Amino acid sequence: MADTEKVCCQPERGLVLRDVTLTAGSTCVLRDASLTVLLSGMTLLSGRNGAGKSTLLRAMLGLVPLQEGEILTHGLPPAQARQHIGYMPQSVTDAALLLPAVSHVRAAVDGLRWGLPLHLRPRREEADRLLALTGASAFAHRPLGLLSGGERQRVGLAQALAGNPDLLLLDEPLAALDHAGQEQTVRLLEDLTDRLGIGIVLTSHETEALSGVVTRVVQLADGGLHVRV
Amino acid sequence: MFEFDFMRHAFMGAAVVSVLAGTVGWFLMLRRQAFAAHALSHIGFSGAAGAVWLGFPPLSGMVVFSLMAGFVIGAEREGERGIPAQRDSTIGLVLAASLGLGAWFLHMSNRGSSLATTLLFGDVLGIDMPTLKALCGVAVLCLGLLAFLGRRLLFASLAPEVARARGVPARLVSVVFMAVAALACAACAEVAGALLAFSLMIGPAATALKLGLGPLAGIALSVGLALALSWGGLMLSWVTDAPVPFWIGLGAALSYALADLWRRVRSR
Ligand SMILES: Nc1ncnc2c1ncn2[C@@H]1O[C@H](COP(=O)(O)OP(=O)(O)OP(=O)(O)O)[C@@H](O)[C@H]1O
Ligand SMILES: [Mg+2]
């Protein structure tokens, strides 16, 4: 409850759903659901397979339309909110696997501009910084297709961090990782929230690896959302 | 060989088309749309046949037909969540329909086989000044549009989901790019013929991608190779009397094979 009160006072830090009905194909993900929750720190969106976690993340980005109601992230509707949001999809890209990983990150760094880049240096430096931040520098110049699942996820995370978002939506960032890999990634995510103050919403079935790390859990079940702090 | 006007025109035409094919081809291959390149140039062939039948220059028919097809293909819904777009089916059916029309046009124009041969294999030595100017116009338009789309197109090609999440209008970018590709295919078909136009688009680009080069280096190599293929083809056909498309097609396959070999040797 304390959480709800805080976000009412500072809606720019939270997620607000008002009477949202959301369907994916013939599956009803949310039915008339309302929620107010802070997004500082790490928020785990949990639910069984097929509950609609990925769909909800995509709705926050405006990638799937709502049937009814509205979603405000940091006080903004999806079309504006996404300028401050970094996204890592559940299935990492399988496009252009022959290109080096660093090219994929560079493309994300200035991929929103029209026209040709006049200065290549700032973009390169920014991409290198992001790859270093996610611990992907060592394999940045190998073709993306030759990287392991865990390595690709680090590249995906660097891509999500392009554009200096203050919120990250990470869909299953711990899948395809072994125990050590999960620990590494969790520490990296903690670092992002602590040091850079980036809020993180992630979906995961690895509740063990995340216990004690997440600030709150949002449970998605039976068309409704429930917060557990 | 440069004392002849037709030879100079051929070299200039080949240069313009190579720069265009190398650049557009790189994006086509990056987006795995080789089939689109193949289809668009054949669709252009039908348009050219239609234009000849109605008494217009072949290039105009090629441009109109492949542009229309480009819009249809580009407007195909983007694939969603791991389900690839049904692009290949759309392309295949658009191709089938327009080849059918092409057969009808050839039949009506009464010049069936000789016309078909010219259109299919191109007539690079027959390029005149007006055609050359038209080619330059098409090239400037295409490269301009591509430069404008550049970074968004790259982002949307490399990470479609992420790009859409950040607000890149993926559908618009895809349609405009297909229109550019259609124009480029028409221009290439004018030089290399409908049958081999796509060899100039695909061979150099596939080679550059195979070598694992980033965008800038990849496009530069792709353009360089396209130039080498088309100019080399012109010179070799001057010396050997074998047709230009023969050398271009063979050279494209050879350069890809060499790149493949290079990768294998390096990864040992
Ligand atoms: N475009 C679509 N068309 C039809 N059905 C869809 C579509 N997208 C999602 N679904 C269905 O909606 C439901 C929710 O899917 P979603 O991917 O959001 O689940 P999830 O909670 O992320 O599952 P997981 O834990 O397996 O990742 C699933 O039953 C899925 O089959
Ligand atoms: Mg999911």
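# Patch, ligand, salt bridges

B:Met108 comes out as partly exposed, because its relative accessibility is 32%. That is where I'd like to start. One caution before I go on: this is a predicted model.

So, B:Met108. The residue sits in helix H4 of chain B. What does B:Met108 make together with B:Trp53, B:Leu54, B:Phe56, B:Leu101 and B:Trp104? Those residues form a nonpolar surface patch of about 610 Å². A residue has to pass 30% relative accessible area to be counted in a patch, and B:Met108 stands at 32%. Two elements each supply two or more residues to this patch: helix H2, residues 34–54, and helix H4, residues 87–109, both in chain B. Which element gives the most? H4(B) does, with three residues.

Next, the ligand. Ligand 1 lies between chains A and B. Its shell holds 16 residues. The closest are A:Asn49, A:Gly52, A:Lys53, A:Ser54 and A:Thr55. By type, the shell splits into nine polar residues, five charged and two nonpolar. Which element contributes the largest share? That is helix H2 of chain A, residues 53–60, with three residues. Please keep that helix in mind; I come back to it with the salt bridges.

Now the individual contacts. A polar side-chain atom of A:Ser54 is 2.7 Å from an oxygen atom of ligand 1. At A:Gly52, a polar backbone atom lies 2.9 Å from an oxygen atom of the ligand. At A:Ala24, a backbone N or O atom is 3.5 Å from a nitrogen atom of ligand 1. And how much of the ligand does the protein cover? Ligand 1 taken alone exposes 640 Å², and the protein buries 70% of that.

On to salt bridges. Over all chains, the structure holds 11. I'll walk through three.

The first on my list joins B:Glu161 and A:Arg58, with the closest N and O atoms 2.5 Å apart. This pair crosses between chains. B:Glu161 is in helix H7 of chain B, residues 160–165, and A:Arg58 is in helix H2 of chain A. That is the helix that gives the largest share of the ligand shell. Are the two partners buried or exposed? B:Glu161 counts as buried because its relative accessibility is 17%. A:Arg58 counts as buried too, because its value is 2%. The cut-off for buried is under 20%. There is also a third member here: A:Arg58, B:Glu161 and B:Arg164 are linked in a network of salt bridges.

Next pair: A:Asp110 and A:Arg123. Their closest N and O atoms are 3.5 Å apart. The bridge links distant parts of the chain, with the two positions 13 residues apart in numbering. A:Asp110 is in the loop between helix H4, residues 101–109, and helix H5, residues 121–133, of chain A. A:Arg123 is in helix H5 itself. A:Asp110 is buried, since its relative accessible area is 6%. A:Arg123 is buried as well, since its relative accessibility is 14%.

Last pair: A:Arg195 and A:Asp191, at 3.0 Å between the closest N and O atoms. Why are these two separated by about one helical turn? Because they are four residues apart in helix H7 of chain A. Accessibility here: A:Arg195 counts as exposed because it reaches 55%. A:Asp191 is partly exposed, because its relative accessible area is 31%.

Finally, two backbone oddities. A:Glu172 is not a glycine, yet its phi is positive, about 55 degrees. The residue lies in the loop between strand E6, residues 167–171, and helix H7, residues 179–196, of chain A. A:Glu172 counts as buried because its relative accessibility is 8%.

The other one is B:Arg32. Again a positive phi of about 55 degrees, and again not a glycine. B:Arg32 is in the loop between helix H1, residues 5–30, and H2 of chain B. Buried or exposed? B:Arg32 is exposed, because its relative accessible area is 55%.

To recap the ligand: ligand 1 lies between chains A and B, and the protein buries 70% of its area. As for the bridges, B:Glu161 and A:Arg58 make a pair across the chains. I'll stop there.

Terms used
Residues are numbered from 1 along each chain as its sequence is written. Chains are lettered from A and ligands numbered from 1 in the order in which they are written. This is a predicted model: local features need pLDDT of at least 70, side-chain atom pairs count only at pLDDT 80 or more; totals for chains, interfaces and linings use all residues. Side-chain values use heavy atoms; hydrogens and water are left out. Patches are made of residues with over 30% relative accessible area and no salt bridge: like charges are joined within 9 Å, nonpolar side chains (Val, Leu, Ile, Met, Phe, Trp, Tyr) within 5 Å. Accessible areas come from the Shrake-Rupley method with a 1.4 Å probe; for residues, only the protein chains shown count as cover. A salt bridge is a side-chain nitrogen of Lys or Arg within 4 Å of a carboxyl oxygen of Asp or Glu. Buried means under 20% relative accessible area, exposed over 50%, partly exposed in between (1.4 Å probe, protein chains only). A residue is near a molecule or strand if one of its heavy atoms lies within 4 Å of it. A polar contact is a pair of N or O atoms within 3.5 Å; within protein, one must be able to donate a hydrogen and the other to accept it, and residues adjacent in sequence count only if both atoms are side-chain atoms. Ala, Val, Leu, Ile, Met, Phe, Trp, Tyr, Cys and Pro count as nonpolar, Asp, Glu, Lys and Arg as charged, and the others, Gly among them, as polar.
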